[in-house]
Amino acid sequence: MSANPLLSIEGLTASVDEKTILHNVNLNVAAGETHVLMGPNGAGKSTLGHVVMGDPEYTVTGGKITFNGQDITD
């Protein structure tokens, strides 16, 4: 993996309707890499996607999302 990943998620905690769904999630994806998220229903896969894309229904309560070197957490 490169020293500066294209997407970096560090300690991400997020909630919806005051219920915490993601707890301290970490992920680094370098340019050109493909990652697959797998898990049972209710594991938070879709929530992670919504949070990274900035869906206003979800609230980031901790951690940081960086894309291409720019903090996109807010």
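**Exercise 1. The sheet**

Find the residue in β4 that stands opposite Phe 67, then work out which strands lie at the edges of the sheet.

*Solution.* Step 1. In this predicted model, Phe 67 has Gln 70 of β4 standing opposite.

Step 2. β3 and β4 run antiparallel and are joined by two bridges.

Step 3. Turn to β1 and β2. These strands are also antiparallel, and seven bridges join them. Within this pairing, Ala 14 has Leu 22 in β2 as its bridge partner.

Step 4. Put the strands in order. The sheet is open, has four strands with antiparallel pairing, and reads β2-β1-β3-β4.

Step 5. Read off the ends. β2 and β4 (70–71) each have a single partner strand, so one side of each is left without a neighbour in the sheet.

**Exercise 2. The hairpin**

State how many residues lie between the strands in the hairpin of β1 and β2, and which residue there takes a positive phi.

*Solution.* Step 1. The hairpin of β1 and β2 has two residues between its strands.

Step 2. Asp 17 is the residue with a positive phi, near 50°.

**Exercise 3. The nonpolar core**

List the residues of the largest nonpolar core and find the element that supplies the largest share.

*Solution.* Step 1. Start from a general tendency: in soluble globular proteins, nonpolar side chains tend to be buried together.

Step 2. The largest nonpolar core has twelve residues: Leu 7, Ile 9, Leu 12, Ala 14, Val 16, Leu 22, Leu 27, Val 29, Leu 48, Val 51, Tyr 58 and Ile 65.

Step 3. Assign them to elements. At least two residues of this core come from each of β1, β2 (19–29), α1 and β3 (58–67). β1 supplies the largest share, five residues.

Step 4. Take Val 51 as an example. Setting aside neighbours within four places in sequence, Val 51 is in contact with Leu 12, Ala 14, Leu 22, Tyr 58, Val 60 and Ile 65.

**Exercise 4. The largest pocket**

Give the volume of the largest pocket, name its lining residues, and sort them by class.

*Solution.* Step 1. The volume of the largest pocket is about 180 Å³.

Step 2. Its lining consists of Leu 7, Ile 9, Leu 27, His 35, Leu 37, Leu 48, Gly 49, Val 52, Met 53 and Phe 67.

Step 3. Two or more of these residues come from β1 (7–16) and likewise from α1 (45–52). α1 gives the most, with three residues.

Step 4. By class, the lining has eight nonpolar residues, two polar residues and no charged ones.

Conventions:
Residues numbered from 1 in each chain as written. Predicted model: local features only at pLDDT ≥ 70, side-chain atom pairs only at ≥ 80, totals over all residues. Heavy atoms only, no water. 1 Å grid on protein atoms, 1.4 Å probe; cavity = no way out; pocket = protein on both sides within 12 Å on 5 of 7 lines; lining within 4 Å. Points joined across faces, edges and corners; volume = space filled by probe spheres on them. Nonpolar A, V, L, I, M, F, W, Y, C, P; charged D, E, K, R; others polar. Core = buried A, V, L, I, M, F, W, Y, C linked by side-chain atoms within 4.5 Å. Buried < 20%, exposed > 50% of the residue type's maximum accessible area, 1.4 Å probe, protein only. Contact = heavy atoms within 4.5 Å. Pairing = 2+ DSSP bridges.
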